[in-house]
Every structure is written in C-alpha cells, then in structure tokens.
Amino acid sequence: MGPQRRLPPAAAALVWGVLLRLTAAQEAILHASGNGTPSPSKDYCMLYNPHWTALPSTLENATSISLMNLTSTPLCNTSDIPPDGIKNKAVVVQWGTCHFLQKARIAQIGGAEALLVANNSVLFPPLGNKSEFHDMKILVAFMNYKDFKDMKQTLGDNITVKMYSPSWPNFDYTMVVIFIIAVFTVALGGYWSGLIELENMRAMANPEDREMRKKKEDYLTFSPLTVVIFVVICCVMMVLLYFFYKWLVYVMIAIFCIASAMSMYNCLAALIRKIPYGQCTIVCCGKVIEVRLIFLSGLCIAIAVVWAVFRNENRWAWILQDILGIAFCLNLIKTLKLPNFKSCVILLGLLLLYDVFFVFITPFITKNGESIMVELAAGPFGNNEKNDGNLVEATAQPSAPHEKLPVVIKVPKLAYFSVMSVCVMPVSILGFGDIIVPGLLIAYCRRFDEQTGSSSIYYISSTIAYAVGMILTFVVLVLMKKGQPALLYLVPCTLITASVVAWRRKEMKKFWKGSSYQMMDQPDYATNEENPVTAGEQVVQQ
C-alpha cells in the first residue's frame with residue numbers, strides 16, 4: 001500500500017459520516033491504568049470495527065495489556081519494531097506514512113495484541129478491504145491523539161489498558177420523553193389559543209372590552225399571502241445559514257435568547273396574574289408595574305443568559321435549552337393565528353415540501369452529498385453528529401465543541417450518563433418546527449371549536465392525530481434506523497384528520513374559510529327561530 005496523505009481537519013470532518021456508515025465502526029472504551037497505590041485510571045474513547053474483532057462487553061471480562069508508545073515510529077516495516085519487541089503489547093502509532101493496515105500487519109508480525117492509531121484531527125474508523133488482510137488477527141482501533149497525550153500526562157509512561165464495548169440498551173426512553181414534550185406543548189398551546197379566542201369573542205359584547213382587546217393584541221394573524229412570504233423567508237434563511245453558518249449562527253443564538261426569554265415571561269406572567277397574592281405594585285414612568293413581574297422578568301433573562309454562556313456544556317445545558325424551547329414553541333402557538341383552514345393547508349403543505357426538499361433533495365446538490373438540513377442541525381464543517389433530519393439520533397465528540405443552532409428539543413440517552421459518555425453523547429432531537437407548525441393547526445381547530453360550539457371535537461381529534469403522527473415517526477425511525485423529517489408524517493395525519501372531521505360534520509365550507517362569527521357574552525339567549533345557534537351562545541355577523 002502506498003503512503004497516506006493526512007486529510008485537513010475540514011475535509012476529515014466531511015468524510016467522517018460517510019466512512020462511519022461504510023465501515024460499521026463502533027465506539028468502545030479504552031480503560032487505562034497507571035502505577036501507584038491506589039492505581040490511577042481513566043477512560044477514553046476509541047473506534048473499532050466489530051466485524052473484524054470482537055470485544056468483551058464489560059470491564060471485568062477485558063484483558064489487561066501493557067501499552068507501548070511508538071508514535072515516533074512509522075511502523076511500516078519490520079525494521080521499525082524496537083529491539084525490546086512488541087510481543088503481547090498494545091501498540092500506539094500515529095496516522096500517516098503508510099496505510100494503517102500495513103502498520104497492523106507489522107504489529108501482528110511482532111506479536112502485538114492490538115494496534116491503536118492516534119490521529120490529530122478527527123477519529124477515523126478502521127476501513128479497508130478485509131480480504132486483502134485475511135490473516136490479520138489483532139485488534140485495530142483509533143483514538144484521538146489529544147486523548148493519548150492526556151493519558152501520558154495523567155498516568156505516566158507505564159500504562160496498562162483494557163478495551164471493551166458496553167452493550168446499548170434495547171429500549172430508547174428518549175422517544176417517550178420527546179413524545180410527551182411535543183404532545184404536551186401542542187395541546188397546551190392549542191388550548192391556550194382557544195381561551196384567548198373565547199375571551200375575544202365575549203369582549204365583543206362590551207365596546208370598552210372590545211377596545212381593550214384591540215390594544216392588547218393577543219394574536220398575530222397570518223393571511224395566505226403572509227404564509228407564502230414566511231416560507232420563502234425560511235428557504236432564504238436556510239441557504240444563507242448554509243453558506244455563512246459560522247457568522248449567522250451567533251445571530252440565531254442571540255435571537256433565540258431574546259425570543260425565548262420573552263416567551264417564557266409571557267407564559268409565566270399569564271399564570272402569575274391568576275394568583276391573587278403578592279400583588280404589590282410600583283409606579284414607574286407613569287405606569288403601574290407589579291413587583292412580582294419584575295422579578296419574573298429578571299428570572300427569565302437570567303435563564304436565557306446562563307444558557308447562552310454555558311450552551312456548549314453538554315452535561316446540563318440541554319435542560320435549559322429544552323425549557324426555553326418549550327416556552328418559545330408554546331408562546332408562538334398561542335400567539336400566531338391562522339384565520340382559516342385554507343391558511344393551515346398552505347402553511348403545512350409548503351413547509352412539508354420545504355422539509356422534504358432540504359432533507360432528501362439537497363444531498364444531490366451539495367458537494368459533500370449531505371442534506372442542508374442535516375448540516376445545519378449538526379453544525380457544518382466541524383461536527384461528528386449523525387443526523388438525517390429533524391428527528392435524529394446524534395453523537396458529539398466532547399473534544400470537538402462547535403456552535404449549533406438552538407432550534408431543537410434535546411433529550412440525552414442512557415449512555416449519556418454511563419461510561420460511554422467519554423466517547424459519545426447520544427441525544428434524540430426534535431426540531432421546533434415539528435412542534436410549532438402542526439401546533440398552529442391544532443390552535444386553529446381549538447378556536448374553531450369555540451366559535452362554533454363543537455364540544456372540542458376538532459381540537460381533540462387533531463391532537464390525537466398529532467400524537468399518532470409522532471408515533472408513526474418513531475416507528476419508521478426504529479425500522480429504518482435513520483432519522484426522519486417528522487413533518488412528513490405529522491402534516492398528513494393532522495390535515496387529513498381535521499378534514500375528515502369537518503366533512504363528517506358538514507362544516508367543511510365554514511372550516512375552510514374560517515368562521516365569520518364571534519361570540520357575545522349573552523348566554524341567556526340560547527336560540528333564535530329564524531337563525532338557530534348553539535345553546536349558550538348569541539352570535540352576530542361581523
């Protein structure tokens with residue numbers, strides 16, 4: 001085999017995902033121990049090919065091997081073997097000079113038990129044509145050169161290692177957690193939107209209340225034209241982020257901090273105002289302000305600032321991001337108003353096409369064959385995450401931090417809290433859009449229920465449809481073992497269900513155009529012989 005050129009870090013990061021899938025590389029633990037009483041030890045990450053060599057699943061069953069440092073030796077010829085020999089040793093060499101499988105053959109000739117290839121930039125998995133090295137019996141694995149230097153500094157030169165590959169749990173609880181978060185957010189956001197609609201309709205009976213509601217502006221209404229413009233802006237932003245990620249990512253982080261803090265304040269303030277205690281007020285600039293709301297605003301800002309400062313702290317920053325993300329989604333669902341089912345169909349349909357295009361079509365356009373959505377979800381050119389859409393399984397190398405767009409709900413897997421956390425930090429993620437977009441339809445269904453007095457049938461059925469769509473997404477994810485764009489399943493489930501309910505109730509025309517009626521606060525007028533309405537309501541033409 002000829003000499004191997006070292007790839008630059010950017011190119012190495014680009015080919016990482018492809019190589020990982022082609023070679024079926026798997027993470028394993030390198031447990032290193034030094035001399036001393038008690039014996040110091042530390043765990044490190046390594047990659048190996050399970051189809052080539054089997055490793056035990058527990059530390060207790062792993063064999064202890066003495067480690068030999070040959071990083072200053074090419075080990076491309078038998079003459080490179082040191083005079084003391086490498087028999088029964090785990091040999092560490094650097095990437096380069098010759099093919100690593102050639103190094104492995106030389107190590108095996110010298111009687112070594114394992115070959116560890118240390119690389120400076122990114123962990124390369126073992127690859128190559130196994131048939132060309134059919135006589136190879138030793139373990140071949142890769143580790144980060146920074147980890148090897150840390151190992152020498154921490155444990156000294158006399159090091160013994162044990163290598164094992166812990167088994168992964170069969171049940172993925174993160175799917176249940178993401179399911180609960182998503183369904184809870186869309187259900188609460190839709191229900192809250194219905195309450196606001198009910199207050200607005202009742203306020204129509206009182207001119208003073210009507211003016212107050214107008215000034216309050218609880219809703220931001222999206223017309224069909226606004227929906228189209230919004231989707232076009234999303235497409236433009238996606239392309240701009242792809243080409244100017246390293247600058248725009250900080251703009252998105254700043255926007256998320258501000259928007260999520262305001263969203264959390266809006267959600268919590270609405271609840272606090274319901275509490276009849278602690279209503280102390282102060283007068284500032286001619287305005288009466290509740291003291292408790294001042295403290296609440298400080299709390300919301302503090303949470304957003306703490307997340308912004310420690311956003312790359314993988315152990316706990318995801319909790320703050322999820323809290324801020326839920327508040328952000330909830331506030332948008334209850335605030336943004338789609339006036340009719342027509343707008344809902346346009347928005348969900350266009351965003352479905354948008355999602356499918358940027359996940360499935362763009363790999364045929366981009367130079368590296370990765371989808372733009374995947375690149376942006378993981379942070380392009382410098383990540384080791386395995387993403388394939390909005391709902392994905394991701395792994396991140398702690399030694400290679402990078403900025404990511406804060407547009408997802410994260411839930412770490414069990415391995416996140418185990419010894420495997422030194423190697424990978426697997427998380428399941430769901431994009432905010434997969435909550436907000438169907439949530440706007442559910443909110444419209446809830447408002448339509450209030451306008452027509454339909455006993456929440458639209459709201460309940462669309463919420464159940466959303467839950468079914470999420471379950472379908474999880475099923476496809478498990479069967480295909482590949483991340484899925486959740487809108488591909490959520491949009492048909494919710495739109496078809498809402499349409500069937502409207503058709504069965506013979507309200508499709510009103511549901512499509514939106515109700516042109518609003519409720520008045522006059523429950524004593526139940527019906528009218530010439531223009532019958534639902535009991536408990538009196539309606540007037542707008």
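Q: Which residues form one aromatic cluster with Phe341 in this predicted model?
A: Phe341 shares one aromatic cluster with Tyr444, Phe448, Tyr458, Phe511 and Trp512. The count of aromatic pairs in the model comes to 22.

Q: Why is the pair of Phe341 and Trp512 called edge-to-face?
A: The ring centres are 6.0 Å apart, and a pair needs centres within 6.5 Å. The planes stand at 75°, and over 60 degrees counts as edge-to-face. The pair of Phe341 and Trp512 is therefore edge-to-face.

Q: What makes this a link between distant parts of the chain?
A: Phe341 belongs to helix H10 (residues 341-361) and Trp512 to helix H15 (residues 508-513), 171 residues apart.

Q: Why is Phe341 called buried?
A: Phe341 has 2% relative accessibility. Buried means under 20%, so Phe341 counts as buried.

Q: Why is Trp512 called partly exposed?
A: The relative accessible area of Trp512 is 36%. Partly exposed lies between the limits of 20% and 50%, so Trp512 is partly exposed.

Q: How do you know that the charged end of Lys334 sits over the ring of Trp192?
A: The charged end of Lys334 is 4.9 Å from the ring centre of Trp192, and the distance limit is within 6 Å. Arg446 likewise sits over the ring of Tyr459, with its charged end 5.4 Å from the centre.

Q: Why is Met237 called partly exposed?
A: Met237, in helix H6, has a relative accessible area of 31%. Partly exposed covers values between 20% and 50%, so Met237 is partly exposed. Met237 is one of the residues of a nonpolar surface patch with about 1100 Å² of accessible area together.

Key: Residues numbered from 1 in each chain as written. Predicted model: local features only at pLDDT ≥ 70, side-chain atom pairs only at ≥ 80, totals over all residues. Heavy atoms only, no water. Patch = residues over 30% accessible without salt bridge, like charges linked within 9 Å, V, L, I, M, F, W, Y side chains within 5 Å. Areas by Shrake-Rupley, 256 points an atom, 1.4 Å probe, with all protein chains shown as cover. Salt bridge = Lys/Arg side-chain N within 4 Å of Asp/Glu carboxyl O. Helix = DSSP H or I, 4+ residues; strand = E, 2+ residues; numbered from the N terminus. Buried < 20%, exposed > 50% of the residue type's maximum accessible area, 1.4 Å probe, protein only. Phe/Tyr/Trp six-rings, centres within 6.5 Å; stacked < 30°, edge-to-face > 60°. Lys NZ or Arg CZ within 6 Å of the ring centre and 35° of its normal.
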